[in-house]
Amino acid sequence: MSASKQGGWVYIMADVYRGTMYVGVTAYLAERIAQHRSGTGSDFCAEYALTRLVWAEFADDIVACIQHEKRIKRWKREWKFALIERSNPDWADLYEVLC
């Protein structure tokens with residue numbers, strides 16, 4: 001299977017409601033979020049204690065996910081807030097639901 005035919009996830013981690021955010025991409029959401037929650041996922045998430053999965057979106061093409069992640073990273077904070085709040089207005093931790 002080629003990399004472009006593998007599905008993936010674009011996701012956002014946060015610490016608190018409208019707090020610090022991290023945008024990431026992965027082919028394996030449960031494993032990646034478990035890494036973030038344990039402090040081994042990324043230095044940024046570990047430094048800011050970003051353990052709450054507040055938004056995630058699946059796509060069939062990992063390359064499209066990477067492109068979408070890069071776009072979201074360039075967005076203004078308010079746009080990211082709006083993206084999250086469309087599906088998760090309370091910024092609940094979605095780890096147990098999605099993973």
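Two strands pair if DSSP finds at least two bridges between them, and helices (H or I, at least four residues) and strands (E, at least two) are DSSP runs numbered from the N terminus. With that in hand, here's a hairpin to start from: strand 1 and strand 2 are joined with 6 residues between them, and Arg18 in the turn has a positive phi of about 55 degrees. This is a predicted model, in which local features need pLDDT of at least 70 and side-chain atom pairs count only at pLDDT 80 or more, while totals for chains, interfaces and linings use all residues. Residues are numbered from 1 along each chain as its sequence is written, and side-chain values use heavy atoms, with hydrogens and water left out.

**Overall picture**
- The protein has 5 helices and 3 strands, laid out along the sequence as β-β-α-α-β-α-α-α.
- Its radius of gyration (over C-alpha atoms) is 13 Å, close to the 13 Å from the globule rule (2.2 Å times the number of residues to the power 0.38) for 99 residues, so the protein is as compact as a globular protein of that length.
- The C-alpha trace spans about 40 × 30 × 25 Å along its principal axes.
- Buried residues (under 20% relative accessible area, 1.4 Å probe, protein chains only) make up 39% of the 99 residues.

**The sheet**
- The 3 strands make an open, antiparallel sheet in the order 2-1-3.
- Strand 2 (21–26) and strand 3 (52–59) sit at the edges with a single partner strand each, so one side of each has no neighbour in the sheet.
- Strand 1 (residues 8–14) pairs with strand 2 over 6 bridges; Ile12 has Val23 as its bridge partner there, and Trp9 has Thr26.
- On the strand 3 side, 7 bridges join strand 1 to strand 3, with Tyr11 opposite Ala56.

**Strand 1 inside**
- 7 of the 7 residues of strand 1 are buried, so this strand is largely enclosed by the rest of the structure.
- Gly8, Val10, Ile12 and Ala14 point one way, Trp9, Tyr11 and Met13 the other, and all are buried.
- In a regular strand, side chains alternate between the two faces of the sheet.

**Helices on the sheet**
- Helix 1 (residues 29–38) lies across strands 1, 2 and 3, at about 25 degrees to strand 1 (axes are lines fitted to C-alpha atoms, for helices over the stretch in contact; angles run from 0 to 180 degrees between N-to-C directions).
- Helix 3 (residues 62–74) also packs on the sheet, touching strands 1, 2 and 3 (contact means heavy atoms within 4.5 Å), and its direction makes about 165 degrees with that of strand 2.

Key. Buried means under 20% relative accessible area, exposed over 50%, partly exposed in between (1.4 Å probe, protein chains only).
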